[in-house]
Amino acid sequence: MIVALIIACEVGFWVLLALGLALRYLAKMPRLGAAVLLCEPLMELVLLVVTTLDLKNGAEPDWKHGLAALYIGYTVAYGHYTIKWLDGHAAHRLAGGPKPAGAGYGKARAVHEWKLWIRTIIAAAVALTLLQIAIWYVGDAGDVSSLEAWQFGALRAVGIHALIAVAYTVWPKKAPAGAEERPALAGTER
């Protein structure tokens, strides 16, 4: 049931996002579109409650509970960023707004990657906290090795993402011939 709920939350995220952006830009109902977009966090709250109830009702902690924690952490850290990024592109494509700048080249790109790495740290911190609470909650009553493995996975993701940011710092991405080096669009790097 947890896996089905995670899939439903992911599908729901994209459906609400598409509906919210369509209402904002196609139907010219920006307030209603914003209200729909504000419903996004409710799905993660439902996932958290269902996962907690599953453990409370005696379910053996396993990979599904760990995946739920990582999904919630990722959504907390990257959800608003993703919505803002897509909103900028929807405003450009559907409402004639300015074309959003990309991540940039050279130093601007390296800074962008380090800011994304900070988001990955936030995602991992949320996931690690949720997993540790679950481990304490289960206590000696069950096998928590799966949850501990997910904690290691979250830390490994932070390390891998740091290596990516280091690579962009040491070997900066060069602008293609004829393209100007411009900084990333304000707000997209957050």
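Here is a short chat about a predicted model, covering its cores, helix packing, aromatic pairs and cysteines.

Me: Let's start with the inside. Which helix gives the most residues to the largest nonpolar core?
Reply: That core has 21 residues, and I6, C9, F13, L17, L47 and Y71 are the ones with the most contacts inside it. Helix 1, helix 2, helix 3 and helix 4 each give two or more residues to this core. The top contributor, with 10 residues, is helix 1.

Me: Which residues does L47 touch, leaving out those up to four places away in sequence?
Reply: L47 is among the residues with the most contacts inside the largest core. Contact here means heavy atoms within 4.5 Å. Going by that, the partners of L47 are L5, I6, C9, A68, Y71 and I72.

Me: And how many residues are in the other core, the one with A69 and L131?
Reply: This second core lies apart from the 21-residue one. Its members include A69, L131, A134 and L147, and its residue count is eight.

Me: On to helix 2. Around the axis, what arc do its buried residues G33, V36 and L37 cover?
Reply: Helix 2 spans residues 30-37, and G33, V36 and L37 are buried in it. They sit on the same side of helix 2, because the arc they cover around the axis is only 100°.

Me: Which helices are among the things covering that buried side?
Reply: The buried residues in question are G33, V36 and L37. What covers them includes helix 1 (2-26), helix 3 (40-56) and helix 4.

Me: Is T82 buried or exposed?
Reply: T82 is found in helix 4, which runs over residues 63-95. Leaving out residues up to four places away in sequence, T82 touches F13 and W14. Its relative accessible area is 17%, and since the cut-off for buried is under 20%, T82 counts as buried.

Me: Now the rings. Are Y74 and Y78 stacked or edge-to-face?
Reply: A search of the whole structure turns up four aromatic pairs. For Y74 and Y78 the ring centres are 4.9 Å apart and the planes meet at 15°, so the pair is stacked.

Me: How far apart in sequence are those two, and which of them is buried?
Reply: Both lie in helix 4, four residues apart, which is about one turn of the helix. Y74 has 46% relative accessibility and is partly exposed. At 9% relative accessibility, the buried one is Y78.

Me: Which ring cluster do Y74 and Y78 belong to?
Reply: Y74 and Y78 make a stacked pair. Ring pairs also bring in another tyrosine, so the cluster reads Y74, Y78 and Y81.

Me: What about W114 and W117, stacked or edge-to-face?
Reply: The two are three residues apart in helix 5 (residues 106-138), so about one helical turn separates them. W114 is partly exposed at 28% relative accessibility, and W117 is partly exposed too, at 22%. Their ring centres lie 5.3 Å apart with the planes at 90°, so the pair is edge-to-face.

Me: Last one, the cysteines. How many disulfides are there?
Reply: C9 is buried at 3% relative accessibility, while C39 is partly exposed at 32%. The sulfur of C39 has its closest cysteine sulfur in C9, 13 Å away, which is too far for a bond, since a disulfide needs the sulfur atoms within 2.5 Å. The disulfide count comes to zero.

Note on methods:
Residues are numbered from 1 along each chain as its sequence is written. This is a predicted model: local features need pLDDT of at least 70, side-chain atom pairs count only at pLDDT 80 or more; totals for chains, interfaces and linings use all residues. Side-chain values use heavy atoms; hydrogens and water are left out. Buried means under 20% relative accessible area, exposed over 50%, partly exposed in between (1.4 Å probe, protein chains only). Rings of Phe, Tyr and Trp (its six-membered ring) pair if their centres lie within 6.5 Å; planes under 30 degrees apart count as stacked, over 60 as edge-to-face and the rest as tilted. The arc is that of the directions from the helix axis to the C-beta atoms. A nonpolar core is a set of buried Ala, Val, Leu, Ile, Met, Phe, Trp, Tyr and Cys residues joined through side-chain atoms within 4.5 Å.
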